[in-house]
Amino acid sequence: MARPQRLFLSGHPHHVIQRGHNQGPIFLDDEDRRSYLHHLGEVAREHRVAVHAYALGDDRVHLLLTPQTGDAISRMMQALGRRYVAAFNRRHGRSGTLWAGRFASHLVDEAAVLDCQCYIETAAAGAGSEAAQSPWSSAAHHLGSRHDPLVTPHRAVWALGNTPFEREAAYRTRLEQGLPAATRLAIDQAMRSGLLLGDESARLALERELHRSLSPRPRGRPPGSVAKSSNDSGTN
């Protein structure tokens, strides 16, 4: 099966997922998680990538990122992988990679940023008060439970209210309500395609800007191709 398409655009938010090899753990304890966040902060600053949200699961990491250049996310994730895996291997006396191949990603339309952020922050931390107490996601920052210097709130968060209290209360309500099943499905589909989380108007507008299609490629063989049968194999 062909790899999903990947599209990176400067100034646009992207949802990134990195998974553990064979669904194995990428964190064995909280010291590993602290190490990952430390290296994430370093490489994000070096490559000029804003971190809007994150969640550390046992076998995967979710990130919501906006790069200042088109290749910044790829460079950042490469650097993060090298640094974190080297530190993890030294600490645990092992060798080899932790990752299940390359990371997955998709673009996020501005109107879908808060939905994607809620998806990320409830992925490992739960909803509402549970998310507010988790030290391993950015939910606590957005809910006012702690200040997280790693997080740069997206402008969609600032639009939730005129004061920190209003923004935190509005976001808490979103987390407690949860995401509709259709929204979660749309995010999963965007990750599989590697393209855009957004409605039809957002897709068409971005297609006009980029002069290319953002529709997922159809599954299966290209039109007009015919699979060879055993009788066509050249043997009798």
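**Asking why, residue by residue**

Trainee: Why is E110 called partly exposed?

Mentor: E110 has a relative accessible area of 32%. That value lies between the cut-offs of 20% for buried and 50% for exposed, so E110 counts as partly exposed. Keep in mind that this is a predicted model.

Trainee: What makes R155 exposed?

Mentor: The relative accessible area of R155 is 55%. Exposed means over 50%, so R155 qualifies.

Trainee: How do you know that R155 and E110 form a salt bridge?

Mentor: Their side chains come to 3.0 Å, N to O. The cut-off is 4 Å, so the pair counts as a salt bridge. This pair links distant parts of the chain, 45 residues apart: R155 sits in helix α6 (residues 155–158), and E110 in the loop between β4 (104–108) and α3 (113–123).

Trainee: How many salt bridges are there in total?

Mentor: The count comes to 14.

Trainee: What makes R33 and D30 one of these pairs?

Mentor: The closest N and O atoms of R33 and D30 are 3.2 Å apart, and that is within the 4 Å cut-off, so they form a salt bridge. Both residues lie in helix α1, three residues apart, about one turn of the helix.

Trainee: Is R33 buried or exposed?

Mentor: R33 has 10% relative accessibility; that is under 20%, so R33 counts as buried. Its partner D30, at 35%, counts as partly exposed.

Trainee: Where do R203 and E200 lie?

Mentor: Both are in helix α9 (residues 200–210), three residues apart, about one turn of the helix. Their closest N and O atoms are 2.3 Å apart, within 4 Å, so this is a salt bridge too. At 17% relative accessibility R203 counts as buried, whereas E200, at 47%, counts as partly exposed. Elsewhere, salt bridges that share partners join D29, D32 and R91 into one network.

Trainee: How many disulfides does the structure hold?

Mentor: Zero.

Trainee: Why is there no bond between the sulfurs of C116 and C118?

Mentor: The cysteine sulfur closest to that of C116 is in C118, 9.5 Å away. A disulfide needs sulfur atoms within 2.5 Å, so this pair is too far for a bond. Likewise, C118 is in no disulfide.

Trainee: Why are C116 and C118 called buried?

Mentor: C116 is at 0% relative accessibility and C118 at 3%. Buried means under 20%, so both cysteines count as buried.

Trainee: Which residues have the most contacts inside the largest nonpolar core?

Mentor: They are Y36, L40 and L63, in a core of 31 residues. The elements giving two or more residues to this core are α1 (30–46), β2 (49–56), β3 (60–67) and α2 (72–92). Of these, α2 gives the most, with nine residues.

Trainee: What does L63 touch?

Mentor: Not counting residues up to four places away in sequence, the contacts of L63 include V16, Y36, L40, M77 and I120. There is also a second, separate core of 21 residues, which includes A53, A112, A156 and L179.

Trainee: How do you know that the span of α2 agrees with its number of residues?

Mentor: At 1.5 Å a residue, the 21 residues of α2 should span 30 Å. The end C-alpha atoms of α2 are 30 Å apart, so the two values agree.

Trainee: Which residue follows α2?

Mentor: G93 does, and its phi is positive, near 60°.

Methods. Residues are numbered from 1 along each chain as its sequence is written. This is a predicted model: local features need pLDDT of at least 70, side-chain atom pairs count only at pLDDT 80 or more; totals for chains, interfaces and linings use all residues. Side-chain values use heavy atoms; hydrogens and water are left out. Buried means under 20% relative accessible area, exposed over 50%, partly exposed in between (1.4 Å probe, protein chains only). A nonpolar core is a set of buried Ala, Val, Leu, Ile, Met, Phe, Trp, Tyr and Cys residues joined through side-chain atoms within 4.5 Å. Helices (H or I, at least four residues) and strands (E, at least two) are DSSP runs, numbered from the N terminus. Contact means heavy atoms within 4.5 Å. The expected span of a helix is 1.5 Å times one less than its number of residues.
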